[in-house]
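The exercises below ask you to work from the displayed structure to its ligand sites and its internal spaces. Try each task before reading the solution that follows.

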Amino acid sequence: MLRDGSFISINEKAYPNSYLHRSNPNDVARTEGLTYICTTRREDAGPNNNWMDPTEAKERVGKLFDGCMQGRTMYVIPYLMGVPGSPHAKVGIEVTDSPYVVANMRIMTRMGAVAMDALKANGGEFIPGLHSIGDLDPKRRFILHFPEEQLIWSIGSGYGGNALLGKKCLSLRLASWMGWKDGWMAEHMLILGLQDPDGNVTYMGGAFPSACGKTNLAMLVSPLADQGWKVWTVGDDIAWMRIGEDGRLWAVNPENGFFGVAPGTNVETNPNAIASLSRNSIFTNVARTPDGLPWWEGIDPKQKTPPAGTIDWLGRTYEPGKGHAAHPNSRFTSPASQCPSISPHREDPQGVPIDAFIFGGRRARVAPLVYQAFNWQHGVFVGAGMGSETTAAATGTVGVTRRDPMAMLPFCGYNMGDYFGHWLNMGKKLTNPPAIFHVNWFRKDADGKFLWPGFGQNIRVLMWMLGRIRGTAEARESAVGYIPTADAIDLDGLGLSPETVEQLFALDKHDWEHEWASQGEFFQQFGDHLPAAMTEEHNALKSRISDMK
Ligand code: SAT
Ligand code: MN
């Protein structure tokens, strides 16, 4: 790759064994519009997915695969998603003509002998994935999933979730289908452990859309470490969860690395990510300084522009003031084992027990800093009604609010109406269901400034959640859920004015009327696949909003 220029060296002293890759400029993010679920019945894919008939898909896209690897090397990647030795781990085999994909998969999954051993142990069962970068023309780009036969075909893209087939394709789209059929859950969730001053660790799963801070929250460095509060990282993107014999939900991170958003990552916002990416890492679409260092917007909290002579993500000399040096969706691929906060329980085959779910999105308005759902059914509704402003993680307009239930809109491999039903059913089987919360770190004031400091200080919100789980933290009932009472969250030392605190927790009747209507429009497309319980919750919310002042 160094020889053919698809890898560019990075300063070996500063970042041992690390490389830069520049993708094709038309291939810099997941392409949701070119992603399909191919099921026999259209309604199984649901209105949340693009659909193609499986036979038609194979004929149409099969033609594009004809001879596509001619003159290239074909790689066969056996990989394991899940913990080695666990009966729930899944073997995938990806065939690809992209060495960049191989190198990323080597970090993101458990590859090679460990997967072959699992294959022997499970009687030869695996999920095939066929991948070619094709000619990289978006007109001939397709990411196809065949959930009924558990098969993936991807052509025309070499980027992230489009091409690293173990990630979104296998571990979310196909796995969510399997979970639906077999009674478990595959979710777009980070998994973290919150350690209290007595050393007890409580595990939480957090669903946030791509590029909304999952990696930062999963790797949070506690500003209250001297008081004994700490966060452990189990995973930053995907959780597979099963009901244990104790009636609790147990979660495993099926991945082995991080594919994190680079811009904004620095020693202050996420020191654990900086440590994770300090060696054995791949940087995609970041800039490169004359010293051979990777550079992105926000890599240095103090320095806004890169050193003179920096080469931007497109390979041109960067001119200050002219756009970004790094692409907004530039990424680092780094081994999970290099994260200083990695949990000692990351590789426990049974996973870790989950006591809370955190749903959240990017909302300049509407959603308060935190609230708790009244119960499981209401919590499922809170997740289903989630909205978030779009980010650079997918191609398309950035910053428009869209409904993104459980942050799974681009990743649910079946009809989302049925998916809500699956969540409700799982709740019925759990004797000890996680408490459900909604957070919004991104609320802004009238001048467009963030109200909440975020990052490490988010631990204060996690501490309140822990208090709620234990029955020690206070809350008041509001139209949308339980909201912390005035001093139930420890805000000591943050220097927030009383007005800021009030704005953080304020509910605006007009905003919520809009929110309610937008949720209704979204739900309506699922027709009779939408569980009655969701309509019930939506109606109940309406009456609570109308009682608001
Ligand atoms: O899908 S990717 O892995 O490219 C990144 C994301 O959207 O989370
Ligand atoms: Mn993700």
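A polar contact is a pair of N or O atoms within 3.5 Å. The model used here is a predicted one.

**Exercise 1.** Identify the residues around ligand 1, and find which atoms lie close enough to its oxygen atoms to count as polar contacts.

*Solution.* Begin with the shell, which consists of Arg30, Gly160, Gly161, Lys167, Lys168, Ser210, Phe259, Arg331 and Ala393. Sorted by class, these residues are two nonpolar, three polar and four charged. Next, place them on the secondary structure: helix H5 (160–163) and helix H6 (166–182) each contribute at least two residues to the shell.

Then apply the cut-off to individual atom pairs. A polar side-chain atom of lysine 168 is found 3.1 Å from an oxygen atom of ligand 1, while glycine 161 places a backbone N or O atom 2.9 Å from an oxygen atom of the ligand. For serine 210, an N or O atom in the side chain is 2.7 Å from a ligand oxygen. Finally, consider the surface of the ligand: taken alone, ligand 1 exposes 250 Å², and the protein buries 97% of that.

**Exercise 2.** Which protein atoms are the donors of the manganese ion (ligand 2), and how are the donor residues spaced in sequence?

*Solution.* List the donors, which are Lys168 (NZ), His188 (NE2) and Asp237 (OD), lying 2.0 to 2.2 Å from the manganese ion. Reading along the sequence, their spacing is K-x19-H-x48-D. Now locate two of them: lysine 168 belongs to helix H6, whereas aspartate 237 sits in the loop between strand E14 (230–235) and strand E15 (239–243), so this pair ties together parts that are 69 residues apart in sequence. Lysine 168 thus appears in both exercises, as a donor of the manganese ion and as a member of the shell around ligand 1.

**Exercise 3.** Describe the largest cavity and the second largest pocket by volume and by lining.

*Solution.* Start with the cavity. A search of the whole structure finds one cavity of 30 Å³ or more, and the volume of the largest cavity is about 120 Å³. Its lining has 17 residues, with Tyr371, Gly385, Trp512, Glu515 and Gln519 nearest the centre. Helix H9 (376–384) and helix H13 (509–524) are the elements that give two or more residues to this lining, whose classes are nine nonpolar, five polar and three charged.

Turn then to the second largest pocket, with a volume of about 280 Å³. It is lined by 17 residues, and Asn17, Ala103, Arg106, Ile107 and Asn280 are the closest to its centre. Helix H3 gives the most to this lining, with three residues.

Conventions. Residues numbered from 1 in each chain as written. Chains lettered and ligands numbered in written order. Predicted model: local features only at pLDDT ≥ 70, side-chain atom pairs only at ≥ 80, totals over all residues. Heavy atoms only, no water. 1 Å grid on protein atoms, 1.4 Å probe; cavity = no way out; pocket = protein on both sides within 12 Å on 5 of 7 lines; lining within 4 Å. Points joined across faces, edges and corners; volume = space filled by probe spheres on them. Helix = DSSP H or I, 4+ residues; strand = E, 2+ residues; numbered from the N terminus. Near = heavy atom within 4 Å. Polar contact = N/O pair within 3.5 Å; in protein donor to acceptor, adjacent residues only side chain to side chain. Areas by Shrake-Rupley, 256 points an atom, 1.4 Å probe, with all protein chains shown as cover. Nonpolar A, V, L, I, M, F, W, Y, C, P; charged D, E, K, R; others polar. Donors = N, O, S within 2.8 Å, 3.2 Å for Na, K, Ca; no water.
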